Amino acid sequence: MKYKNKDGIELSFEGHKNDSSVQLIKEVLQEVIVLGDKEIYTKYPRQGWVKVKEFINENFSLDD
């Protein structure tokens with residue numbers, strides 16, 4: 001279920017153990033998963049998605 005853009009290009013992070021940029025991206029994505037998992041068990045699980053969106057937008061300079 002890998003994401004591909006409209007040109008059929010997909011990301012590959014295999015074999016980049018010495019690439020600090022790739023490792024940082026993986027750490028950020030792992031933190032997103034932890035944040036999402038932690039918030040899903042709260043009284044208001046949708047708030048978890050709000051935090052996840054804010055975290056991703058901030059760390060990847062995305063616009064809503």
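Here are four short exercises on this predicted model, each with a worked solution.

Residue numbers start at 1 along each chain as its sequence is written, and side-chain values use heavy atoms, with hydrogens and water left out. Local features need pLDDT of at least 70 and side-chain atom pairs count only at pLDDT 80 or more, while totals for chains, interfaces and linings use all residues.

**Exercise 1. Get the overall picture.**
Work out how many helices and strands the chain has, and what share of its residues counts as buried.

*Solution.*
- Start with the DSSP runs (helices are H or I, at least four residues; strands are E, at least two; numbering goes from the N terminus). The chain has two helices and zero strands.
- Next comes burial (buried is under 20% relative accessible area, exposed over 50%, partly exposed in between, with a 1.4 Å probe and protein chains only). Of the 64 residues, 12% are buried.
- Then look at contacts (heavy atoms within 4.5 Å). Among those with a separation of 6 or more, 19% join residues 24 or more positions apart.

**Exercise 2. Pin down the salt bridge.**
Find which side chains meet in a salt bridge, and say whether Asp7 is buried or exposed.

*Solution.*
- The criterion is a side-chain nitrogen of Lys or Arg within 4 Å of a carboxyl oxygen of Asp or Glu.
- Searching the whole structure turns up one such bridge. It pairs Lys6 with Asp7, at 4.0 Å from N to O.
- Now check accessibility: Asp7 is exposed at 55%, and Lys6 is exposed at 79%.
- As background, side chains of opposite charge can pair when their charged atoms come close.

**Exercise 3. Follow the segment before α1.**
List the residues that Tyr3 touches, leaving aside its neighbours within four places in sequence.

*Solution.*
- Tyr3 sits in the segment before α1, and it is exposed at 66%.
- With those neighbours set aside, Tyr3 contacts Ile9, Glu10 and Leu11.
- Switch to Ile9, also in the segment before α1 (20-39). Ile9 is exposed, with a relative accessible area of 53%.
- Under that sequence filter, Ile9 touches Tyr3 and Lys4.
- For contrast, go to helix α2 (residues 46-60), where Gly48 has its place. Gly48 is buried at 3%, and its C-alpha atom lies 7.7 Å from that of Lys38, ten residues away along the chain.

**Exercise 4. Describe the largest pocket.**
State which residues line the largest pocket and how they split by class.

*Solution.*
- On a 1 Å grid over the protein atoms alone, a pocket is an open set of points where a 1.4 Å probe fits, with protein on both sides within 12 Å along at least five of seven lines; lining residues have an atom within 4 Å of a point.
- The lining is Met1, Lys2, Tyr3, Glu10, Leu11, Ser12, Phe13, Glu14 and Lys26.
- By class, that gives four nonpolar, one polar and four charged residues.

Notes. Ala, Val, Leu, Ile, Met, Phe, Trp, Tyr, Cys and Pro count as nonpolar, Asp, Glu, Lys and Arg as charged, and the others, Gly among them, as polar.
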